[in-house]
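I opened the model to look up a few contacts, a small set of strand pairings and the burial of some side chains. My notes follow in the order in which I checked them.

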Amino acid sequence: MPVNQTKILITTQSRSKIGRSEFSVLCNSYAKLLKNNPFPKTDKTDYWSHLTFYKRALFSIGPYQNITVFEAANRIATDLVLLNGIKTILESEKLTDASITIRLGNEYIKGKGDFDINNIHGEAFNVAPSFFPEKLRKTLKNINAREIGYIVFNEDALNSKSNLGLYHSNISKIECSNVTYIAVKNWKTI
């Protein structure tokens with residue numbers, strides 16, 4: 001038996017070529033799963049037990065089943081940026097009749113972005129400010145920048161002026177070389 005076969009618990013039929021109403025249902029399902037499958041608490045006291053608990057023990061957390069706390073935190077944080085980034089794009093571009101494809105944390109497909117809106121590919125990530133420049137560089141390197149229309153990320157990654165000149169205290173959207181960069185302000189809720 002494989003060590004970790006993470007499964008997604010969202011029961012919506014499809015995350016491919018959905019419209020705004022289906023996207024709203026997906027967001028509601030995701031939010032309910034976060035509430036119903038919270039992060040587990042631990043009574044561990046020594047560092048080794050903590051490390052083992054967070055990086056090895058498997059749980060149902062949020063929309064994921066059979067996942068470690070550490071991996072769930074990374075996936076869920078990125079999923080929240082992804083979902084809120086799509087909301088931002090739909091609202092800011094006034095896309096009422098959009099075709100949306102979403103690939104959540106365990107649905108990676110080589111050569112595809114994390115999402116598509118009307119066949120425009122997008123990438124999403126949630127990253128610490130210290131790692132933002134490297135994550136953005138790797139994202140642009142791994143996927144040809146001409147094929148990416150959107151890069152969405154957590155706004156709090158921009159708390160340093162050294163972050164590739166993208167810093168501005170009220171940043172929400174930056175246009176640069178055919179890619180729209182969207183700093184998601186409120187990624188903590190759906």
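Leaving out residues up to four places away in sequence, I find that Ile120 touches Phe115, Gly149 and Tyr150; I note here that the model is a predicted one. For one of these partners I also looked up the backbone separation, and the C-alpha atoms of Ile120 and Gly149 lie 5.6 Å apart although 29 residues separate them along the chain. Ile120 belongs to strand E6, which covers residues 120-125, and I log Ile120 as partly exposed because its relative accessibility is 36%, between the 20% and 50% cut-offs.

Next I traced a sheet. Three strands make up an open sheet in the order E1-E3-E2, with antiparallel pairing. E1 (7-8) and E2 (59-61) are the edge strands, and each has a single partner strand, so one side of each has no neighbour in the sheet. I looked further at the pairing of E1 with E3 (residues 64-67), which is antiparallel and runs over two bridges; Ile8 has Tyr64 in E3 as its bridge partner. Helix H3 (residues 69-92) packs on this sheet and touches E2 and E3, and its direction makes about 150° with that of E3.

My last entry concerns a residue of that helix: Asn84 is placed in H3. Is Asn84 buried or exposed? I record Asn84 as buried, because its relative accessibility of 8% is under the 20% cut-off. Apart from neighbours within four places in sequence, Asn84 is in contact with Val184, Asn186, Trp187, Thr189 and Ile190.

Terms used:
Residues are numbered from 1 along each chain as its sequence is written. This is a predicted model: local features need pLDDT of at least 70, side-chain atom pairs count only at pLDDT 80 or more; totals for chains, interfaces and linings use all residues. Side-chain values use heavy atoms; hydrogens and water are left out. Helices (H or I, at least four residues) and strands (E, at least two) are DSSP runs, numbered from the N terminus. Buried means under 20% relative accessible area, exposed over 50%, partly exposed in between (1.4 Å probe, protein chains only). Contact means heavy atoms within 4.5 Å. Two strands pair if DSSP finds at least two bridges between them. Axes are lines fitted to C-alpha atoms, for helices over the stretch in contact, and angles run from 0 to 180 degrees between N-to-C directions.
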